[in-house]
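Welcome, and thanks for opening the viewer. Please keep the selection panel at hand, and we will go from stop to stop.

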Amino acid sequence: MAQQTIAETIVAVRGGGDVATGTIQKLVHAGFKVVILETAQPLMIRRTVALGSAVVAKKVTVEGITAVLTTAKNLEKVWANDQVPVIIDPEGVSLYNIEPQVLIDAILAKKNLGTNRTMAPITIALGPGFEAPTDVSVAIETMRGHNLGRLIFKGAPLADTGIPGVIAGRSFERVIHAPVSGVVRYVHQIGDQVNQGETLFYIGATPIPSPLSGTLRGLIAEGTTVEVGLKVSDVDPRPNVDCHCISDKARAIGGGVLEAVLMLGHQQRLF
């Protein structure tokens, strides 16, 4: 592949959730042409800091970066407007035509949903479910702690513990999983201050109470059909949390991804 500039280099990101958005921010600021591949019904809950929520809202802005829903045929038009295109393509079929120099799996499904090293000259995966260099060029550690954001060239990130991070002494109890299947209907919005026991939203006819008092920080898109057990919301026990700012964890992981892209790009003389 002929050498090119960073401004000509296409980076495809599978997934546009809150952690993926931290990565996308770093790449856009560095000058790369980023495209997001999302599902037709994204399941992210921290939607106010997730560029992939453009699938539902058509256009969203997070910390000055605007993403718009479009098609693979219109990528150049979106990039020309200094925006990030979002296309519905969960299987990555469009990659054959887009031909990205870098492919990042930021789905965070805790397992590999089809990403492999043939998808781009540089392939990067976030979190558990991937082995480097078998599945991808490099994997990025997503577990909070000393190694958060570390580049793994041989081996795999730490396995998922299933334990939510501790915030103000709360862990399991701040995250809400659907107790029933059905369609989500809002009572509150992300950013609202809520009290323990207060109804946050409905799934079908079932009211879903807040597990504690604090800030409603995450909430799956209204109208989404959910199944029992799906993570649908989270409440931060701290009052008045900024729900429109990329998290420290997402920024750290994004920094690791940018480091990997630049390092491997120079090694392969891509740019």
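Start by selecting Leu43, which is partly exposed, with a relative accessible area of 41% in this predicted model. Leu43 belongs to the loop between S2 and helix H2 (54-57). Now show what surrounds it: leaving aside residues up to four places away in sequence, Leu43 touches Ile220, Thr224 and Leu230. Add Val232 to the selection too. Leu43 and Val232 are 189 residues apart along the chain, yet 7.9 Å separates their C-alpha atoms.

**The sheet**

Next, colour strands S10, S17, S15 and S12. In that order, these four strands form an open sheet with antiparallel pairing. Strand S10 (175-177) and strand S12 (193-194) are at the edges with a single partner strand each, so one side of each has no neighbour in the sheet. As background, strands of a sheet pair through backbone hydrogen bonds, either parallel or antiparallel.

Zoom in on one pairing. How many bridges link S10 and strand S17 (residues 231-236)? There are three bridges, in the antiparallel sense. To find your bearings, select Ile176 and look across to S17, where Ser233 stands opposite.

**Arg217 and the cavity**

Move to strand S15 (residues 214-219) and pick Arg217, which lies in this strand. Is Arg217 buried or exposed? Its relative accessibility is 13%, and the cut-off for buried is under 20%, so Arg217 counts as buried. Not counting residues up to four places away in sequence, the contacts of Arg217 include Ile45, Arg46, Ile167, Ile190 and Ser247. Asp234, Val235, Asp236 and Arg238 are also among the residues that Arg217 touches.

Arg217 also helps to line the largest cavity, together with Asp18, Arg46, Thr48, Val49, Asp242, Cys243, Cys245, Ile246, Ser247 and Ala250. Select that set and you are looking at the walls around about 70 Å³ of space. By residue type, the lining divides into five nonpolar, two polar and four charged.

**Helix H1**

Asp18 from that lining is a good way into helix H1 (residues 18-30). H1 has 13 residues and reaches 19 Å from its first C-alpha to its last, close to the 18 Å expected at 1.5 Å a residue. Which residues of H1 are buried? Select Val19, Ala20, Thr21, Gly22, Thr23, Ile24, Gln25 and Leu27 to see them. Then step past the end of the helix: H1 is followed by Gly31, with a positive phi near 105°.

**The second largest pocket**

From here, select Val28, Phe32, Lys33, Val34, Ile65, Thr66, Trp79, Asp82, Gln83 and Val84, the lining of the second largest pocket. Strand S2 (33-38) and strand S4 (65-69) are the elements that give two or more residues to this lining. The pocket holds about 160 Å³ of space, and the residues around it divide into six nonpolar, two polar and two charged.

**A hairpin**

Now select residues 199-209. Strand S13 (residues 199-203) and strand S14 (residues 206-209) run antiparallel and are joined by four bridges. Ile203 has Thr206 in S14 as its bridge partner. S13 and S14 form a hairpin with two residues between them. Click on Gly204 in the turn, where phi is positive at about 65°.

**Backbone stops**

Our last selections are about backbone angles. Most residues other than glycine have a negative phi, and most peptide bonds are trans.

- Select Glu99, in the loop between helix H4 (95-98) and strand S6 (102-105). Its phi is near 50°, a positive value in a residue other than glycine. With 55% relative accessibility, Glu99 counts as exposed.
- Select Asn240, in the loop between S17 and helix H5 (248-267). Asn240 is not a glycine, but its phi is positive, about 55°. At 62% relative accessibility, Asn240 counts as exposed.
- Finish at Pro133, in the loop between strand S7 (122-126) and strand S8 (138-140). Look at the peptide bond from Ala132 to Pro133, which is cis, with omega near 5°.

Terms used:
Residues numbered from 1 in each chain as written. Predicted model: local features only at pLDDT ≥ 70, side-chain atom pairs only at ≥ 80, totals over all residues. Heavy atoms only, no water. 1 Å grid on protein atoms, 1.4 Å probe; cavity = no way out; pocket = protein on both sides within 12 Å on 5 of 7 lines; lining within 4 Å. Points joined across faces, edges and corners; volume = space filled by probe spheres on them. Nonpolar A, V, L, I, M, F, W, Y, C, P; charged D, E, K, R; others polar. Pairing = 2+ DSSP bridges. Expected span 1.5 Å × (residues − 1). Buried < 20%, exposed > 50% of the residue type's maximum accessible area, 1.4 Å probe, protein only. Contact = heavy atoms within 4.5 Å.
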